[in-house]
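Me: I would like to learn how to read a few features of a protein model. Could you take me through them one at a time?

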Amino acid sequence: MNLSRQVHRLLTFRNLRTRLTLLYMGLFGLALILSAIAVVTAVTNSARHMVRGEMTSAGAVYGQLWEARSSQLGQSARVLAGDHAFRQAVAANDAPAMRSALDDLRARQGLDGALVLGVDGHATPTGVTLDEAARTALFKGLESGGPESGVLTIGGQPFQVVAAPVDTPAPAGWVVFAERLDAAQMRNLEGLSPIPLSAAVVLNPVQASIGQPITVETGQGLSMQLAHPLPSFDPAAKTFLLLTSPLDRAMKPYESLFLWLAAIGAAGLALLMGGTWVLSRGLTQPITALDEAVHRLQQGEYVEAPVTSTDEIGRLAASFNAMVGDLRDREAKLTHMALHDQETGLPNRLSLERQAGGHTDAWVVLFGVDRFEVVRNAIGYDSMGRLLAVLGARLSALADGAPMARVGAGSLGLVIIARSKAEALEAAEHLAAAAQAPISVNGAPVDIALTAGVAGHGAAGSDLPSPVDRAAIALDQARASRQSAAAFDEVAYGDPAGNLSLISELMTALNNGEVSLAYQPKYDFRAQGVTGVEALMRWTHPRRGAVSPDLFIGMAEETGHIRPLTEWAIRRAIEDQKTLAAAGHVLTVSVNISGRLLSDESFADFAVEEVATSGADLCFEITETAVMGNPEMALRTIDRFADAGISVSLDDYGSGLSSLTYLKRIRADELKIDKSFILGLDDSARDGLLVKSTIDLAHGLGLKVTAEGVETPTALALLRGMGCDMAQGYLIGRPAPMAALLDRLAPAEGAKSAAV
Ligand code: C2E
Ligand code: CA
Ligand code: CA
């Protein structure tokens, strides 16, 4: 897979494997955190429980110690108070004796302080200096019959104080022992506890902690505190033993446990991550492969996804592969359809065009079935399809298996390799001839005639049609020139795109004076002079210059514009004939009439009317083939011309399909032998023979004969010898404008006749 794509997916968590791993890690981490919380809470709770228990028992122990010391001190005090000598000293208020007894006892018992408090409130202290506040508090407490032991603050220091009454026998006062509640004592107490503990005697501590351990914030972290009440002489100053145990110290033994737990958790997490990464690979790899396959399919590549399991993913991959197979088949089918003809199953035009591309020696040969529509209408479309398939196979076999494509309704084509146009043309002719045996359709033989068109590679960068199109044009050109095969003729093809606007331009040209008539003289052998002229149309286009009449006349015929053109020519010719007559030249003027106009009755009306009103001597040149389209109509029209005194000339005789039948039926006066025969007269004995026999035939039918295309004196001499009546051609005179004709005719009349 593409690395950057993979990295990108990894980073944006669009990778299934990453997401799976992260999901598992997240879940496991959450479980780990929850259990850690549970463990820490349980451990903390149990630690606190333990601290609380220890504190409570430390409080109780201290209470017992207090009691024991109190009763011990009380015992000593009572012993002293009961001593006879001491009682007398008190009764006598003998201070030195009292002090001596007190000092003695203090020394023996190790007491901090001892004193006698008289019923009058006077104190005799030893060991300690009793301040006024302490004295008052002690006195009030004892006088009111309060407890005989408790805490008393002397000079800001707490003391455990025990008293015993001295009776003489009347109450005389109290013996009081005081023992300092000092740091050493507290350290002793702290040492008794198994947990870290600090003890202190305090006044009025946090109310909530009295008799009940609570958790407090001490400034050095969380601590547990317990205030144990101690009896006090001063009711206003409640005294407590305050026990404090810092919780973090209590948690200390568990720290390593927590560390271990954290380490195990981290190790587990890492293991899980690795494990999931490895395990998910097995799960995501087929999906990744499938994803990759889909991606490549999108890019137009047909790939199979590996099927590695039988689970859903495996089935998905199998379905994907089946789909890819279907797609491939369908595309192959579509491609086949796009490149083949449905009717015959042969490759089609597109396929041929592909074959023709590239190779410079490749030539496209198109075979057109002659009279295709006629045959198809006779045998039906289905049979025609079969016939073409058989013909295609036959041609393909003849062409060493080259694939035969169906290019048009009635044309098949193939690509051949040839070194030159002549070689390609020869091959095409040979194939067409060899394939022309009848083909049996529905049990009946159908005659096949083929015409071939050949085209090679156009010059690079030329805007000519494709080779296949040019071969099709060549096929049309072959048919038009009645050849069995022709190569594409670029000159004859001209510029069809540029010609599209030509007709509309021609119609305006007619009114602009761009169109004119040129006259070509016709020489009469017998009269030894020019007795007529042929009017030939000329168009000088403002941009294109002279446009060939073959081009614009042909287009005018095809687009139905020939009639205004011809009517204009007739009027012009009549006018020019008058001008010529005025100059002393009485000449028959021949005008070319398109075959299409022979079926136009109103045109005939026009022509007959024009000639009748003007009294002009016109000859209409009509090609013989024009009659064959609609013979009855054409023959009737020609009859009308003849009746109106217009002579009729059969133009281009011999160039088309000549039929004696029509020749006999047309009421013509003249026959014009096509220039193709006359041009070849000098060096072709065969043409000479044809011309001679044509002249004889025409004479036999009562027609005069004109030979056109006379360019050489030899041809002229031969024609004279054959008995030809008239000659027309460059030798006698080129088509020239009216003015030039007048110039030529006037002075040269005699000289010309002499020369010829
Ligand atoms: P076309 O009727 O066969 O006219 C004779 C053609 O032969 C003219 O060509 C003429 O210039 C040419 N020609 C004459 N003598 C010689 C020669 O010695 N050697 C050679 N090589 N050619 C010669 P153009 O003028 O190019 O006219 C071509 C065709 O156009 C005419 O053939 C005719 O069919 C048609 N056309 C011309 N004017 C008209 C018209 O007014 N109406 C109609 N319907 N067709 C016309
Ligand atoms: Ca003519
Ligand atoms: Ca002609």
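Me: Which residue bridges the calcium ion (ligand 3) and the calcium ion (ligand 2)?

Reply: Asp651 bridges the two ions, which lie 3.9 Å apart. Before we go on, note that this is a predicted model, where local features need pLDDT of at least 70, side-chain atom pairs count only at pLDDT 80 or more, and totals for chains, interfaces and linings use all residues. Residues are numbered from 1 along each chain as its sequence is written, chains are lettered from A and ligands numbered from 1 in the order in which they are written, and side-chain values use heavy atoms, with hydrogens and water left out.

Me: What are the protein donors of the calcium ion (ligand 3)?

Reply: Start with the term: donors are N, O and S atoms within 2.8 Å of the metal (3.2 Å for Na, K and Ca), and sites may look incomplete because water is not among the atoms. For the calcium ion (ligand 3), the protein donors are Asp651 (OD), Asp652 (OD) and Glu708 (OE), with Glu708 (OE) listed twice, at 2.2 to 2.5 Å. Along the chain these donors follow the spacing D-D-x55-E. The pair of Asp652 in strand β22 and Glu708 in strand β24 (residues 704-708) links distant parts of the chain, 56 residues apart. Helices (H or I, at least four residues) and strands (E, at least two) are DSSP runs, numbered from the N terminus.

Me: Is Glu708 buried or exposed?

Reply: Here the general idea is a set of cut-offs: buried means under 20% relative accessible area, exposed over 50%, and partly exposed in between (1.4 Å probe, protein chains only). Glu708 counts as buried because its relative accessibility is 8%. Asp652, at 25%, counts as partly exposed.

Me: And which residues are the protein donors of the calcium ion (ligand 2)?

Reply: Glu534 (OE), Asn592 (OD1), Glu621 (OE) and Asp651 (OD) are its protein donors, lying 2.0 to 2.3 Å from the ion. Their spacing in sequence reads E-x57-N-x28-E-x29-D. Here, too, a pair links distant parts of the chain: Glu621 sits in strand β21 (residues 618-623) and Asp651 in strand β22 (residues 647-653), 30 residues apart. Both Glu621 and Asp651 are buried.

Me: Let us turn to charge pairs. How many salt bridges does a search of the whole structure find?

Reply: Side chains of opposite charge can pair when their charged atoms come close. The term salt bridge is used for a side-chain nitrogen of Lys or Arg within 4 Å of a carboxyl oxygen of Asp or Glu. The search of the whole structure finds 26 salt bridges. One of them joins the side chains of Arg135 and Glu132 (2.6 Å, N to O). Both residues lie in helix α5 (residues 132-143), 3 residues apart, about one turn of the helix. Arg135 is partly exposed, with a relative accessible area of 21%.

Me: What separates Asp576 and Arg572 in helix α18?

Reply: About one helical turn separates them, because they are 4 residues apart in helix α18 (residues 562-582). Their side chains meet in a salt bridge (3.1 Å, N to O). Asp576 counts as buried at 6% relative accessibility, whereas Arg572 counts as partly exposed at 35%.

Me: Which parts does the pair of Glu632 and Arg665 tie together?

Reply: The side chains of Glu632 and Arg665 meet in a salt bridge (3.3 Å, N to O). Glu632 lies in helix α21 (residues 631-643) and Arg665 in helix α22 (residues 660-665), so the pair ties together parts that are 33 residues apart in sequence. Glu632 counts as partly exposed at 48% relative accessibility, and Arg665 is partly exposed too, with a relative accessible area of 41%. Elsewhere, salt bridges that share partners join Glu534, Glu621, Lys672 and Glu708 into one network.

Me: One more reading exercise. Where is Ala546 found?

Reply: Ala546 is found in strand β19 (residues 545-547). With a relative accessible area of 69%, Ala546 is exposed. Ala546 and Glu514 are 32 residues apart in sequence and 9.7 Å apart in space, C-alpha to C-alpha. For another case, take Ala163, whose place is in strand β4 (residues 157-167). Ala163 counts as buried at 1% relative accessibility. Ala163 and Lys252 are 89 residues apart in sequence and 45 Å apart in space, C-alpha to C-alpha.
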